[in-house]
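Hi everyone, thanks for making time for this. I'd like to walk you through one structure today, so please have a look at it on the screen.

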Amino acid sequence: AGTVVGQLLFGYLSDHWSRKNSLLVSTIILIIFAALGAGSYGAHGSTQGLFAALTAYRFLLGIGIGGEYPAGSVSCAEATGELKKGHRNRWFIFSTNFAIDAGFVVAALVPMILVLIFSENHLRAAWRVALGLGVIPPLSLLWLRVKLKEPEQYNRQKMNKYPIWLIVKFYWFRLTVVSLNWFIYDFSAYSFGIYSSA
């Protein structure tokens, strides 16, 4: 739910405000709420409170993750426009889909390795370290995003009002195909990720 809210919110912000600033804000949200999730604690050691805190922090973390999709993917697509033809798709896919899929693999392996390190008698340490390690990727990107410049294509073609009817009229087929491709990809990738442990 947080990811969907983040996609909608940051999709709007990245178009109307700034790609760079949207990425920077979503990165800061990721850092803060990944750290808070790792340090979650229920009042007076309450398990119910722990799960309530985790739920809230993970929802807010999802907003940051959702911000990465519209601001980051579009920035990558615009930046690849400055590369010569024949090389654009390779770098776009490497920066988006490959990064996501590599993250799925790492997200499956790291908790397993941590349980092997800490043993099954110390699962609290294993899950806290696993969640805490989620701070490292956005921290590694923070300085790069501070130094990031707005893509040239964004500066040239920035629009604050969109002719939605014309977009639907001329691009409905392409939009449908791209949306269907992403739906199939997300449905299969996230479903396998959610149910893999079961």
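Let me start with a bit of vocabulary: when I say helix, I mean a DSSP run of H or I with at least four residues, and the helices are numbered from the N terminus. And please keep in mind that this is a predicted model.

Let's begin with the aromatic rings. How many aromatic pairs does a search of the whole structure find? It finds six. One of them is Trp91 with Phe94, an edge-to-face pair at 6.0 Å centre to centre, with 85° between the planes. Both sit in helix H4, residues 88-95, and because they are three residues apart there, about one helical turn separates them. Are these rings buried or exposed? Neither extreme, as it turns out: Trp91 is partly exposed at 43% relative accessible area, and Phe94 is partly exposed too, at 46%.

Another pair is Phe183 with Phe187, and this one is stacked, with 5.8 Å between the centres and 25° between the planes. Here the two residues are four apart in helix H9, residues 164-195, so again the separation is about one helical turn. The background is simple: an α-helix has 3.6 residues a turn, so residues three or four places apart point the same way. Phe183 and Phe187 are both exposed. Before we leave the rings, have a look at Trp91 once more, since ring pairs join Trp91, Phe94 and Phe98 into a cluster.

Now to the start of the chain, and helix H1. H1 covers residues 2-16, which is 15 residues, and from its first C-alpha to its last it reaches 21 Å, close to the 21 Å expected at 1.5 Å a residue. Which residues of H1 are buried? They are Gly2, Gly6, Phe10, Gly11 and Ser14. If you look down the axis of H1, the buried residues fall within an arc of 155°, so they line one face of the helix. Leu8 and Tyr12 are on the other side of H1, and those two are exposed.

Phe10 takes us straight to the next topic, the nonpolar core. In soluble globular proteins, nonpolar side chains tend to be buried together. In this model the largest nonpolar core has nine residues: Phe10, Ile29, Leu30, Ile31, Phe33, Ala34, Leu61, Ile63 and Val135. Two elements give two or more residues to this core, helix H2 (19-38) and helix H3 (47-80). H2 provides the largest share, with five residues. To see one member up close, take Ile29: leaving aside residues up to four places away in sequence, Ile29 touches Phe10, Leu60 and Gly64.

Next, the charged residues. Side chains of opposite charge can pair when their charged atoms come close. How many salt bridges does a search of the whole structure find? There are two. In one, Arg19 pairs with Asp15, and the closest N and O atoms are 2.9 Å apart. Arg19 is buried, at 5% relative accessibility, while Asp15 is partly exposed at 25%.

In the other salt bridge, the side chains of Arg145 and Glu68 meet at 2.8 Å, N to O. This pair links distant parts of the chain: Arg145 is in helix H7, residues 136-147, and Glu68 is in helix H3, 77 residues apart. Both Arg145 and Glu68 are buried. Why does Glu68 count as buried? Its relative accessible area is 19%, and the cut-off for buried is under 20%. Glu68 also has other neighbours: not counting residues up to four places away in sequence, Glu68 touches Leu23, Ser26, Thr27, Leu30, Ser73 and Arg145. You may recognise Leu30 there, which is also in the nonpolar core I just listed.

Last stop, a couple of backbone details in the loops. His44 is in the loop between H2 and H3. Its phi is near 55°, a positive value in a residue other than glycine, and His44 is exposed at 84% relative accessibility. Ser119 also has a positive phi, about 75°, although it is not a glycine. Ser119 lies in the loop between helix H5 (97-118) and helix H6 (123-132), and Ser119 is partly exposed, with a relative accessible area of 27%.

That's my tour, thanks for listening!

Key. Residues numbered from 1 in each chain as written. Predicted model: local features only at pLDDT ≥ 70, side-chain atom pairs only at ≥ 80, totals over all residues. Heavy atoms only, no water. Phe/Tyr/Trp six-rings, centres within 6.5 Å; stacked < 30°, edge-to-face > 60°. Buried < 20%, exposed > 50% of the residue type's maximum accessible area, 1.4 Å probe, protein only. Expected span 1.5 Å × (residues − 1). Arc of directions from axis to C-beta. Core = buried A, V, L, I, M, F, W, Y, C linked by side-chain atoms within 4.5 Å. Contact = heavy atoms within 4.5 Å. Salt bridge = Lys/Arg side-chain N within 4 Å of Asp/Glu carboxyl O.
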